[in-house]
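Student: I should like a close look at a single part of this model. Please take one helix and describe its surroundings in a connected account.

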Amino acid sequence: MSFLAPWAFAVGVFAALGVVVLHLLSTRRPPRAVLPTARFVPESEARAVSRSSRPTDLLLLAARMLAALLIGAAFARPVLDAPGPSVRTVVLLDASSSVQDRTAAAREATERLGEGGAIVAFDTVVRALGTTEVASLRELAGAREAATGVVDASGAYRAGPPRAADGILSAALVAGVREARAIARGADSVRMVLVSPLAEELFDAATAGARAEWPGGITLVRPTGVADTLRGPTPRFDTPLADDPIAPALAGLRAARGAHDVRLVRRALVAADSAWVREPGRVLVHWPLVGGDASGSNAGVNTTTARADGVTAFGLRPATLVAPLVRLPLADSAARIIARWRDGAAAATERRIGAGCVREVGVGIPLAGDLTLRPAFAAFLQAMVEPCGGARGIAVSDSAARAFARDESAVPARLLTAAVAADATLAAWLLGGALLALAAEWMLRRRRDG
Amino acid sequence: MAVGPYGALLDAVRGVRWLARGPVPGGAPGAHQARTRGIAPEFAEYRPYRQGDDPRRIDWKLLARSDRAFIRLAPDHATLGTTFIVDASASMGFAAKWTLAKRLVVALAAVAHASADPVGLVVASSSRARRLPPRARGGVIAELARTLDETTCDGAIDLAPLVAASASRCVVVTDLLGDADALRMALARHRAQGGEAHLLHVVARRELEPDDEAVLATDPEDERIARPLVADTREAYRARFAAWRNEVASRLRADGIAYHEVVDDAPAEQLVRRIVMPAGVARGAAEPAGAEPRR
């Protein structure tokens with residue numbers, strides 16, 4: 001049995017010690033003794049301070065001490081400790097699309113689960129896995145080949161490719177702390193294991209706060225094989241113009257991040273473009289030239305209309321570009337906005353077509369100037385060529401991961417059990433025992449005083 | 001004489017004489033000087049012959065020399081009846097008070113009986129007052145001892161009414177925790193009527209020096225009196241008890257009553273010798289151990 005409010009039990013212990021002291025030094029009625037000359041004793045209060053180095057009425061003392069201790073224990077929010085391992089584990093299993101080899105992830109999770117532990121699977125939804133779901137997970141972990149099944153937040157094992165779902169690490173941390181508190185009863189400590197490639201999209205503004213809720217370290221297990229959505233065929237530029245100002249930036253982008261199946265169109269879109277983009281994973285970026293050629297959709301736009309402006313792209317890493325720019329009209333204002341001008345107007349949109357997507361970029365780049373050579377433009381361009389729905393699977397650096405995990409220390413159970421509901425039945429039994437002890441004390445006192 | 005456990009005590013007081021504190025009324029010949037004159041061989045004085053005197057008591061030689069008839073008188077001696085009134089209330093059962101009272105009564109009765117004085121006994125207890133009228137016959141001491149041994153201290157009773165029926169010498173053995181004032185007045189009245197009054201005030205050592213343990217002192221004769229005797233009240237108790245004893249002794253002595261305070265741990269034979277001392281000697285005698293000094 002342990003206590004969620006040990007200070008209350010400490011108060012009971014001190015009260016019991018006080019009872020002992022008062023028993024030895026008490027104002028009580030002294031024992032009666034016959035004295036014929038009692039009439040010459042001055043009249044005073046019949047109760048007098050009596051000091052005794054050897055305790056008498058040991059049964060009475062025991063009853064009083066027992067009552068004090070039981071009352072203290074009852075108010076100390078007692079919980080019965082279930083027998084089990086001293087250290088239990090909470091596994092946070094990343095089930096988002098950033099995990100490529102789910103078999104390895106399931107194996108890592110089940111190997112580290114241990115007895116009495118809990119698994120919290122998460123992508124966009126967080127759920128603690130039950131017994132059946134954990135069995136399904138073990139089945140997946142035992143597969144020889146890399147499984148294509150998904151252990152998603154619902155705990156089901158379903159066939160098919162991984163769904164494109166982001167993970168919410170902050171929600172998983174909150175759920176993990178809750179599960180840790182639930183399994184902390186009866187354990188000495190609880191540790192947390194995160195099985196995830198730790199992609200950047202797992203993090204959001206609430207992650208740091210949720211991480212602070214867990215006072216210990218997190219054992220980070222990063223399964224091999226991250227599903228990098230940026231990896232793909234070499235991009236093709238439909239209109240490779242020798243004097244296109246974007247060309248140098250595209251070259252630098254390829255060198256830095258590898259290739260992606262992107263078609264950059266600097267002219268008006270044709271039917272072939274729509275047919276091409278319907279294939280999975282393809283991105284068609286329609287970024288008209290300022291001033292354009294005769295067939296361009298922006299024919300007639302004068303480069304002299306460029307003026308100082310600002311635009312922000314909401315990619316994996318938000319990028320802001322401040323420069324003389326030309327606002328180009330967008331064809332489909334109802335599409336998903338992926339960049340906005342500084343006044344809130346849409347600067348770029350994304351529209352799904354088949355399995356791919358078409359991006360309309362309304363940010364005109366003047367032909368003259370070194371704008372495209374600046375890092376800010378490279379970041380903006382990176383956001384424009386991200387996969388449909390945004391980039392995923394970019395794992396955080398090892399140093400950032402270590403900073404997130406801190407260490408692998410477990411958390412003492414007493415720090416977690418404070419939030420666990422006390423055993424009201426046990427407290428009631430303890431109070432009942434205290435009442436019995438008080439009744440016994442009353443009877444013993446009556447018998448003693450005659 | 002079957003006196004049981006009192007044999008050693010009676011041996012210790014053998015030869016002790018308990019003379020009256022003054023002339024006693026005339027009566028049977030005894031050891032005490034009587035107020036009357038008799039015809040004993042020793043000469044005391046002459047008195048002119050009066051009609052009715054026994055002619056054999058005329059001093060004929062003096063008649064021949066002076067031609068006047070004189071009667072030759074001699075001091076007379078008589079016995080002195082003694083009644084012991086013993087308090088057998090519950091308070092006398094405390095400590096060894098009752099034991100001492102019994103031993104004193106038996107010893108003093110034996111001393112008086114040795115002088116041919118009739119001795120009687122009144123045991124005052126709550127159940128009934130047992131009376132043994134004054135007798136001088138043999139075996140009265142054993143009877144007296146048996147009566148005392150059969151008595152159990154219990155309850156509370158007034159002693160003053162018992163004094164009126166006492167013999168000339170009235171000896172009251174009590175702890176004075178009952179009707180002390182009424183008893184003093186009754187003894188003073190007995191003294192004024194020519195009787196001799198003795199009061200043996202029995203005090204227990206534990207009453208003089210109570211234990212250091214804190215107790216709720218309870219009066220055995222009155223359950224309503226229950227007071228804590230603790231360190232804070234012990235000294236006040238001693239002072240008040242001593243003051244009361246001194247006051248009682250002073251009043252009794254002022255009324256001509258022979259007052260003796262006896263402590264229950266003192267040897268009875270020594271107390272007997274102190275009690276039977278003549279008045280002048282007794283005043284100069286040492287006080288018993290444990291007794292408070294007289295004021």
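Tutor: The account below concerns helix 2 of chain A and what surrounds it, followed by a brief look at the contact between the chains. The model is a predicted one.

Chain A contains twelve helices and 22 strands. Of its 450 residues, 37% are buried. Among contacts in chain A between residues at least 6 apart in sequence, those joining residues at least 24 apart make up 77%.

Helix 2 of chain A spans residues 58–75, and Leu69(A) is part of it. Is Leu69(A) buried or exposed? Leu69(A) counts as buried because 20 other C-beta atoms lie within 10 Å, and the cut-off for a buried residue is 20 or more. Leaving aside residues up to four places away in sequence, Leu69(A) touches Gly12(A), Val13(A) and Ala16(A). Ala434(A) is 365 residues away from Leu69(A) along the chain, yet their C-alpha atoms are separated by 8.0 Å.

The residues that Leu69(A) touches lead to helix 1 of chain A, where Gly12(A), Val13(A) and Ala16(A) are among those that meet helix 2 of chain A. Helix 1 covers residues 6–24; its axis and that of helix 2 come within 7 Å and cross at roughly 165 degrees. Helix 1 of chain A is therefore roughly antiparallel to helix 2 of chain A, as angles over 145 degrees are classed in this way. Their crossing is right-handed. On the helix 1 side, the residues in contact also include Phe9(A), Val20(A) and His23(A), while helix 2 contributes, among others, Leu61(A), Met65(A), Ala68(A) and Phe75(A). By class, this contact has 15 nonpolar, three polar and one charged residues.

Ala434(A) leads in turn to helix 12 of chain A, in which Ala434(A) is one of the residues that meet helix 2. Helix 12 comprises residues 424–449, and the axes of helix 2 and helix 12 come within 8 Å, crossing at roughly 160 degrees. Helix 2 and helix 12 of chain A are therefore also roughly antiparallel to each other. Helix 2 passes helix 12 in a left-handed crossing, whereas the crossing of helix 1 and helix 2 is right-handed. From helix 2, the residues meeting helix 12 include Leu59(A), Leu66(A), Ala67(A) and Leu70(A); from helix 12 they include Leu430(A), Ala437(A), Glu441(A) and Arg448(A). By class, the contact has 17 nonpolar, one polar and four charged residues.

Beyond these helices, chain A also touches chain B. That contact takes 19 residues from chain A and 25 residues from chain B. Strand 3 (32–34) and strand 4 (48–51) of chain A each supply at least two residues of the side that touches chain B, and strand 3 gives the most, with three. This side of chain A has twelve nonpolar, three polar and four charged residues.

Strand 3 of chain A runs parallel to strand 9 (residues 215–219) of chain B, and three bridges join them. Within this pairing, Val34(A) has Thr218(B) as its bridge partner. Strand 9 of chain B in turn pairs with strand 10 of chain B in the antiparallel sense over five bridges, with Asp219(B) opposite Asp222(B). An open sheet of three strands results, with the order 3(A)-9(B)-10(B) and mixed pairing. Strand 3 of chain A and strand 10 (222–229) of chain B each have a single partner strand, so one side of each is left without a neighbour in the sheet.

Conventions: Residues are numbered from 1 along each chain as its sequence is written. Chains are lettered from A and ligands numbered from 1 in the order in which they are written. This is a predicted model: local features need pLDDT of at least 70, side-chain atom pairs count only at pLDDT 80 or more; totals for chains, interfaces and linings use all residues. Two residues are in contact if their C-beta atoms, placed from the backbone, lie within 7 Å. Helices (H or I, at least four residues) and strands (E, at least two) are DSSP runs, numbered from the N terminus. Ala, Val, Leu, Ile, Met, Phe, Trp, Tyr, Cys and Pro count as nonpolar, Asp, Glu, Lys and Arg as charged, and the others, Gly among them, as polar. Two strands pair if DSSP finds at least two bridges between them. A residue is buried if 20 or more other C-beta atoms lie within 10 Å of its own, exposed if 12 or fewer, and partly exposed in between; C-beta atoms are placed from the backbone. Axes are lines fitted to C-alpha atoms, for helices over the stretch in contact, and angles run from 0 to 180 degrees between N-to-C directions. Angles under 35 degrees count as roughly parallel, over 145 as roughly antiparallel, 65 to 115 as roughly perpendicular and the rest as oblique. A crossing is left-handed if the near helix is turned anticlockwise from the far one by less than a right angle, and right-handed if clockwise.
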